[in-house]
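Me: I would like to learn how to read a fold from its buried residues, its contacts and its rings, one feature at a time. Could we go through it slowly?

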Amino acid sequence: MLAADKASTGLGIAPIELRDGYALLRMTVAENMINGHGIAHGGFVFLLADTAFACACNRAGSVTVAATAEIDFIKPVNEGDELVAEAVERTRFGRSGIYDITVRRGTEVVAEFRGRSRTLRT
């Protein structure tokens, strides 16, 4: 799924580790990701977290999408920062699931994201 995701791969998002219910991805903040305040636009941080969420909740043979998602921006992010997003499945029930994603710069938490998934009937 990630290989076919042109939005994510076009931004340089790359996997570190992928398995059912878990994903670890990285992205380096580029110059074109900086907003008018001189820090990374929150949409790019959200996109990294959302991509990790998608990788964690999609299993072979299923199509799972976000039902809802929210993010808390903890610290500003700068050009050149390498971010790592870690997505962990908290629970699955029926066709739904809840996932927590932490975005870090080194050991420092810069954002917390929670996503609720829904597996589509195919």
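The dialogue below takes up the core, a helix, the aromatic rings, the cysteines and some single residues in turn.

Me: Before we start, what kind of model is this?

Reply: This is a predicted model, and the values that follow are computed from it.

Me: How many residues does the largest nonpolar core have, and which of them have the most contacts inside it?

Reply: The largest nonpolar core has 27 residues, and those with the most contacts inside it are Leu-25, Val-45, Leu-48, Val-77, Leu-83, Ile-101 and Val-103. At least two residues of this core come from each of strand 2 (22–28), helix 2 (42–57), strand 4 (82–93), strand 5 (96–105) and strand 6 (108–119). Helix 2 gives the most, with eight residues.

Me: What does Val-103 touch, once its neighbours within four places in sequence are left aside?

Reply: Val-103 is in contact with Val-45, Leu-48 and Ala-49, with Leu-83, Val-84 and Ala-85, and with Glu-108, Val-109, Val-110 and Ala-111. Ala-85, which lies in strand 4, is a useful second view, because Ala-85 is buried with a relative accessible area of 0%. Not counting residues up to four places away in sequence, Ala-85 touches Ala-23, Leu-24 and Leu-25, then Leu-48, Ala-49 and Ala-52, and also Ile-101, Thr-102 and Val-103. The C-alpha atoms of Ala-85 and Phe-46 are separated by 10.0 Å, although these residues are 39 residues apart along the chain.

Me: How should I read the pattern of buried residues along a helix, and which residues of helix 2 are buried?

Reply: The general idea is that an α-helix has 3.6 residues a turn, so residues three or four places apart point the same way. In helix 2, the buried residues are Val-45, Leu-48, Ala-49, Thr-51, Ala-52, Phe-53, Cys-55, Ala-56 and Cys-57. Asp-50, also found in helix 2, counts as partly exposed because its relative accessibility is 28%. The C-alpha atoms of Asp-50 and Ala-87 are 9.0 Å apart, with their positions 37 residues apart along the chain.

Me: What span does helix 2 reach from its first C-alpha to its last?

Reply: Helix 2 has 16 residues and reaches 22 Å, close to the 22 Å expected at 1.5 Å a residue.

Me: How are aromatic pairs described, and how many does the structure hold?

Reply: A pair of aromatic rings is described by the distance of the centres and the angle of the planes. The structure holds three aromatic pairs. One of them joins Phe-53 and Tyr-99, whose rings are tilted, at 5.6 Å centre to centre and 55 degrees between the planes. Phe-53 lies in helix 2 and Tyr-99 in strand 5, so the pair ties together parts that are 46 residues apart in sequence. Both Phe-53 and Tyr-99 are buried, and together with Phe-46 and Phe-113 they form one aromatic cluster.

Me: Why is there no disulfide between Cys-55 and Cys-57?

Reply: A disulfide needs two cysteine sulfur atoms within 2.5 Å, and by this rule the count comes to zero disulfides. The sulfur of Cys-55 is 8.6 Å from the closest cysteine sulfur, in Cys-57, which is too far for a bond. Burial is a separate matter: Cys-55 is buried, with a relative accessible area of 11%, and Cys-57 is buried too, at 2%.

Me: Which backbone atom does the side chain of Thr-64 reach?

Reply: The side chain of Thr-64 reaches the backbone oxygen of Cys-57 at 3.4 Å. Thr-64 lies in strand 3 (residues 64–73) and counts as buried at 7% relative accessibility. Beyond its neighbours within four places in sequence, Thr-64 is in contact with Cys-57, Asn-58, Ser-117, Arg-118 and Thr-119.

Me: Is Asp-100 buried or exposed, and which side chain does it meet in a polar contact?

Reply: Asp-100, whose place is in strand 5, counts as buried because its relative accessibility is 19%, where the limit is under 20%. A polar contact of 2.9 Å joins the side chains of Asp-100 and Arg-90. Leaving aside neighbours within four places in sequence, the residues in contact with Asp-100 are Glu-86, Ala-87, Val-88, Arg-90, Phe-113 and Arg-114.

Me: Which residues does Glu-70 contact, again leaving aside its neighbours within four places in sequence?

Reply: Glu-70, in strand 3, is in contact with Glu-112, Phe-113, Arg-114 and Arg-116. The C-alpha atoms of Glu-70 and Arg-114 are separated by 5.5 Å, though the two are 44 residues apart along the chain. At 45% relative accessibility, Glu-70 counts as partly exposed.

Conventions: Residues numbered from 1 in each chain as written. Predicted model: local features only at pLDDT ≥ 70, side-chain atom pairs only at ≥ 80, totals over all residues. Heavy atoms only, no water. Buried < 20%, exposed > 50% of the residue type's maximum accessible area, 1.4 Å probe, protein only. Helix = DSSP H or I, 4+ residues; strand = E, 2+ residues; numbered from the N terminus. Polar contact = N/O pair within 3.5 Å; in protein donor to acceptor, adjacent residues only side chain to side chain. Contact = heavy atoms within 4.5 Å. Core = buried A, V, L, I, M, F, W, Y, C linked by side-chain atoms within 4.5 Å. Expected span 1.5 Å × (residues − 1). Phe/Tyr/Trp six-rings, centres within 6.5 Å; stacked < 30°, edge-to-face > 60°.
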